[in-house]
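Biologist: Could you pick one part of this protein and take me through it up close? I'd like to hear how the pieces around it fit together, in plain bench language.

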Amino acid sequence: MLHKENILIVDDDINILELIQRHLHSLNYHTYKAVSVKEAVAILRDTEIDLLITDLKMPEVDGFQLIQFASEHYPNMPKLVVTGYPSVQDALSAIKSGVVDYLVKPFTKEELKQGVIKSLSSRPKKKILDHEDIKYTYNEIIGESDAIKNVTQIIERVKDNKATIFISGESGTGKELVARSIHYNGKFSRAPFIAVNCGGIPENLLESELFGYVKGAFTGANENRDGFFQAAIGGTIFLDEIGNAPLSVQSRLLRVLQEKEVMKVGQRKSEKIDVRVIAATNSNLREMIAKETFREDLYYRLTVVEIAVPPLRERKEDIPLIADKFLFKYGNEYKNRYITMDNEAHTLLQRYDWPGNIRELENVIQRAVIMCDRTISIKDFPETLKYKIDFPEEALLSLKEMEKKYIEKVLGSTDNNQTKAAEILKIDRKTLRGKIK
């Protein structure tokens with residue numbers, strides 16, 4: 001039987017992660033892995049997970065906090081705990097937090113299997129919805145435009161080798177989804193995928209988080225500790241927002257790419273490392289090179305293969321397909337049915353330029369599903385969305401209403417500078433003031 005469930009495994013012990021993943025793969029489950037709570041939360045936010053399997057005792061943020069987060073944000077997702085430090089108190093606390101089952105390490109493959117079956121069967125019974133109109137061009141990347149087909153063609157070419165890949169694109173276009181598609185569709189999919197947001201870690205910590213450190217390297221370094229690169233051995237490390245990495249970290253990254261070796265902070269001896277590096281940013285690295293805030297030699301090492309993820313406004317023909325996915329997802333989650341959208345609402349979505357790209361589209365659809373009854377119409381969209389459209393209902397507007405909307409648009413584009421607005425409108429300021437009144 002081919003299982004469709006996605007299972008997220010969270011443990012700071014790489015060996016345990018690998019063991020659980022092997023067992024689950026042999027049972028035909030699809031898995032995601034995380035070595036920390038921070039990475040797990042990022043996966044939960046970006047991926048539909050059917051079951052969370054987590055350790056309790058982890059550094060920095062423990063598994064109890066992850067369970068609490070999951071219970072608050074994903075109440076229907078079952079949780080299964082595996083721990084090497086069993087205690088009655090921990091077991092009771094976990095069960096009170098919504099955990100379905102509790103396995104003590106070491107456990108057998110059969111014990112894991114039964115725990116997974118029990119946990120998945122605890123999910124609320126929901127109507128299974130089959131919506132055949134949802135189309136997937138590659139993994140979870142949706143679209144039929146030439147722009148997105150070009151992206152998936154490159155993924156097909158690079159997924160089975162470890163060439164360094166650079167993904168560019170605006171915020172919200174799905175750069176991490178592209179990186180995950182490269183990893184999980186290739187022959188290294190059973191190895192770790194470690195995502196690191198270089199802009200989300202303080203500069204003074206990024207170096208030690210990436211490369212690890214040895215005991216005594218700095219105040220508070222009380223033990224030897226591996227970094228994200230060591231955690232990704234054999235697999236892929238995804239360095240998101242690489243433009244935020246300080247120059248000191250850039251120098252170390254260059255050595256990793258050139259020599260295929262990494263040196264922990266405070267360590268004199270380097271160690272060989274087998275990791276595929278995928279980097280991404282929404283910054284203009286060439287401008288940063290000109291300002292000497294990004295190393296030119298590192299840029300060329302990172303861009304062996306480049307993938308430019310197009311903004312949503314450049315592939316508007318994909319908007320109905322992507323919107324359909326979110327209608328199916330949130331309709332099932334909130335209303336237990338597929339939600340439809342009327343023609344005017346569809347037209348509005350395609351006229352808007354989506355500065356926040358797919359992330360913004362998802363938020364708009366999620367809100368509309370909550371606000372609507374059975375069919376989404378324009379009234380279910382936020383006012384800010386409708387205001388930024390170039391006259392979405394011009395056929396229904398009077399000349400006076402169109403003039404008002406256009407004056408508002410010009411004033412907005414000039415930050416309410418009446419002198420500039422009057423110049424654009426080719427009227428004097430007195431006339432403009434009168435129209436504003």
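Modeller: Sure, and let me start with the outside before going in. The accessible surface of the protein comes to about 22,500 Å², and carbon and sulfur atoms own 49% of that. Bear in mind that this is a predicted model. There are 437 residues, of which 49% count as buried, and the protein has 19 helices and 14 strands. If you take the contacts between residues at least 6 apart in sequence, 68% of them join residues at least 24 apart.

The part I'd pick is the open sheet. Five strands make it up, in the order β7-β8-β11-β6-β12, and the pairing is parallel. At the edges sit β7 and β12 (305-308), each of them pairing on one side only. Going from one strand to the next, the twist averages 20 degrees.

Let's zoom in on the β7 edge. Strand β7 covers residues 193-197, and although it is an edge strand, it is mostly covered, with four of its five residues buried. Its partner is β8 (residues 236-240): the two run parallel and are joined by five bridges. If you want a spot to click on, find Phe193, which stands opposite Thr236 in β8.

Now bring in helix α8, residues 203-211. Its buried residues are Leu206, Ser208, Glu209, Leu210 and Phe211. So what covers them? Both strands we just looked at, β7 and β8, are on the list, along with α9 (228-231), α10 (247-259) and β9 (261-262). Right after α8 comes Gly212, which has a positive phi, near 85 degrees.

Next, swing over to helix α7, residues 175-184, where Ser181 is found. Ser181 has a relative accessible area of 0%, and because anything under 20% counts as buried, Ser181 is a buried residue. Leaving aside residues up to four places away in sequence, Ser181 touches Tyr138, Asn139, Ile141 and Ile155. Val178 lies in α7 too. In an α-helix there are 3.6 residues a turn, so residues three or four places apart point the same way. Val178 is buried as well, at 3% relative accessible area. With the same sequence neighbours left out, Val178 touches Ile141, Val151, Ile155, Ile167, Ile307 and Val309. Look for Ile141 and Ile155 there: Val178 touches them, and Ser181 does too. Ile307 brings us back to the sheet, as Val178 touches it and the edge strand β12 spans 305-308. Val178 and Glu140 are 38 residues apart along the chain, with 9.0 Å between their C-alpha atoms.

For comparison, have a look at another strand, β4, residues 79-83. Five of its five residues are buried, so β4 is largely enclosed by the rest of the structure. That goes for both faces: Lys79, Val81 and Thr83 are buried on one side, and Leu80 and Val82 on the other. Strand β3 (residues 51-54) pairs with β4 in the parallel sense, over three bridges. Here the pair to look for is Thr54 and its bridge partner in β4, Val81.

Last stop, helices α13 and α15. Asp324 has its place in α13, residues 319-335. Asp324 is a charged side chain by name, but is it buried or exposed? Its relative accessible area is 11%, so it falls under the 20% cut-off and is buried. From Asp324 to Ile365 is 41 residues in sequence, but 9.2 Å in space, C-alpha to C-alpha. Ile370 is found in α15, residues 357-371. At 46% relative accessibility, Ile370 counts as partly exposed, because that value lies between the 20% and 50% cut-offs. Together with Tyr334 and Met371, Ile370 forms a nonpolar patch on the surface, and the three have about 290 Å² of accessible area between them.

Key. Residues are numbered from 1 along each chain as its sequence is written. This is a predicted model: local features need pLDDT of at least 70, side-chain atom pairs count only at pLDDT 80 or more; totals for chains, interfaces and linings use all residues. Side-chain values use heavy atoms; hydrogens and water are left out. Buried means under 20% relative accessible area, exposed over 50%, partly exposed in between (1.4 Å probe, protein chains only). Two strands pair if DSSP finds at least two bridges between them. Axes are lines fitted to C-alpha atoms, for helices over the stretch in contact, and angles run from 0 to 180 degrees between N-to-C directions. Patches are made of residues with over 30% relative accessible area and no salt bridge: like charges are joined within 9 Å, nonpolar side chains (Val, Leu, Ile, Met, Phe, Trp, Tyr) within 5 Å. Accessible areas come from the Shrake-Rupley method with a 1.4 Å probe; for residues, only the protein chains shown count as cover. A salt bridge is a side-chain nitrogen of Lys or Arg within 4 Å of a carboxyl oxygen of Asp or Glu. Contact means heavy atoms within 4.5 Å.
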